[in-house]
Amino acid sequence: MPSLKEVRNRIVSIGSTMQITSAMKMVSAAKLKRAQDAITQMRPYANKLKEILENVSASVDASENMYARKTDGKNILIIAISSNRGLAGGFNANIIKKTNSIIKEKYANYDVTVLPVGKKVQDAFKRTKYIISGQDVPHHTNEVFDGLSFTKSLAISEKVMASFVNKQFDKVVLVYNQFKNAAVQVATEEQFLPIESSGEQGATTGDYIFEPSKEFIISDLIPRSLKTQFYKALLDSVASEHGARMTAMHKATDNAKSMQKDLKIMYNKARQASITKEILEIVGGAEALNG
């Protein structure tokens with residue numbers, strides 16, 4: 001059994017750790033509220049805009065829409081979105097695992113490039129052959145999470161769209177954690193480019209009157225929709241990160257409390273045994289003197 005001093009030091013150490021995890025939980029809870037409001041407001045708009053523009057793409061010839069280019073090329077860009085910080089449970093590990101799974105199962109015979117957005121996924125792929133190098137797309141994307149805004153996300157989405165138009169890549173896929181609630185985040189694979197049209201060529205699935213012209217929609221609204229879709233993925237990831245960290249810190253705090261309780265019981269038992277031993281020594285000494 002460890003000494004009383006060792007047990008006492010462990011109790012103090014766990015108490016300090018518990019204060020840190022509790023504080024991190026409260027900070028993540030405050031940030032989660034803002035992030036959840038942002039994605040809740042953005043998601044209906046982004047989803048509806050995507051649905052409308054998919055219908056437009058179905059009614060426009062693929063040769064007219066450069067973002068709906070269909071090719072048999074094997075150059076795949078995977079944009080993996082994680083966070084810059086850890087201590088968020090399986091948040092980052094799920095993205096890394098999902099990305100590796102997609103590469104091995106779906107694109108085993110393709111030329112795959114990974115564009116990491118977030119320090120954790122960058123660290124995971126920086127020593128692999130998949131890490132982006134030499135292409136005309138952003139290489140340092142971690143700063144996007146420092147005060148995330150639509151303007152900051154444009155620096156990445158615009159270059160990715162340009163690389164697709166220039167035929168550097170034939171397909172672009174987003175991998176990110178989709179926010180469900182504070183306890184549930186779903187690792188999601190979503191095709192970013194080319195745009196998947198709904199319905200058959202030349203037919204729309206919704207009854208829309210297009211104003212202005214379809215040509216204007218192709219040149220202006222479709223790029224705007226793609227930028228919005230990418231920004232929504234970033235917002236989803238940020239909300240998921242705070243939810244995962246809040247849950248992880250809540251569990252860590254509970255585990256620390258349980259461990260501290262067990263150590264206090266151990267400390268009291270060791271202290272009681274020490275007192276009993278001292279009493280027995282005193283009684284034994286007294287008996288020896290009397291004898």
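**View 1. Glu-158 is partly exposed, at 39% relative accessibility, and its partner Lys-227 is buried at 18%.** Buried denotes under 20% relative accessible area, exposed over 50%, and partly exposed the range in between (1.4 Å probe, protein chains only). The model is predicted: local features need pLDDT of at least 70, side-chain atom pairs count only at pLDDT 80 or more, and totals for chains, interfaces and linings use all residues. Residues are numbered from 1 along each chain as its sequence is written, and side-chain values use heavy atoms, with hydrogens and water left out. The side chains of Glu-158 and Lys-227 form a salt bridge with an N to O distance of 3.4 Å; the criterion is a side-chain nitrogen of Lys or Arg within 4 Å of a carboxyl oxygen of Asp or Glu. This pair links distant parts of the chain, since Glu-158 belongs to helix 4 and Lys-227 to helix 5, 69 residues apart. Helices (H or I, at least four residues) and strands (E, at least two) are DSSP runs, numbered from the N terminus.

**View 2. Salt bridges also occur within single helices, at Asp-123 and Lys-119 in helix 3 and at Asp-220 and Arg-224 in helix 5.** The structure holds 10 salt bridges. In helix 3 (residues 119-125), Asp-123 and Lys-119 lie four residues apart, about one turn of the helix. Their side chains meet at 3.1 Å, N to O. Asp-123 is partly exposed at 32% relative accessibility, and Lys-119 is likewise partly exposed, at 39%. In helix 5, the side chains of Asp-220 and Arg-224 meet at 2.8 Å, N to O. Because Asp-220 and Arg-224 are four residues apart in that helix, about one helical turn separates them. Asp-220 has a relative accessibility of 26% and counts as partly exposed; Arg-224 is partly exposed as well, with 43%. A network of salt bridges links Arg-43, Lys-232 and Asp-236.

**View 3. An open sheet of four strands has the order 2-1-3-4 and mixed pairing.** Two strands are taken to pair if DSSP finds at least two bridges between them. Strand 2 (111-117) and strand 4 (184-193) are the edge strands, each pairing on one side only. From one strand to the next, the twist averages 25°; axes are lines fitted to C-alpha atoms, for helices over the stretch in contact, and angles run from 0 to 180 degrees between N-to-C directions. Strand 1 (residues 75-81) pairs with strand 2 in the parallel sense over seven bridges, and Ile-79 stands opposite Leu-115 of strand 2. Strand 3 and strand 4 run antiparallel and are joined by nine bridges, with Leu-174 opposite Glu-190 in strand 4. A hairpin of two residues connects strand 3 to strand 4.

**View 4. Helix 2 and helix 4 each lie across strands 1, 2, 3 and 4.** Helix 2 (residues 91-105) runs at about 145° to strand 3 (171-181). Helix 4 (residues 150-165) runs at about 40° to strand 4.

**View 5. Ile-79, Phe-192 and Leu-193 touch the most other members of the largest nonpolar core, which has 41 residues.** Such a core is a set of buried Ala, Val, Leu, Ile, Met, Phe, Trp, Tyr and Cys residues joined through side-chain atoms within 4.5 Å. The elements giving two or more residues to this core are helix 1 (4-59), strand 1, strand 2, helix 4, strand 3, strand 4 and helix 5. Helix 5 gives the most, with 11 residues. Apart from neighbours within four places in sequence, Phe-192 is in contact (heavy atoms within 4.5 Å) with Val-160, Met-161, Val-172, Val-173, Leu-174, Leu-226, Gln-229 and Phe-230. A second, separate core has 14 residues, among them Ile-103, Val-121, Val-173 and Val-175.

**View 6. Thr-21 of helix 1 and Thr-228 of helix 5 are shown with their surroundings.** Thr-21 is buried at 9% relative accessibility. Leaving out residues up to four places away in sequence, Thr-21 touches Met-249, Ala-252 and Thr-253. Although Thr-21 and His-250 are 229 residues apart in sequence, 7.4 Å separates them in space, C-alpha to C-alpha. Thr-228, in helix 5 (residues 214-290), is buried with a relative accessible area of 5%. With residues up to four places away in sequence again not counted, Thr-228 touches Met-42, Tyr-45, Ala-46, Leu-49 and Phe-150.
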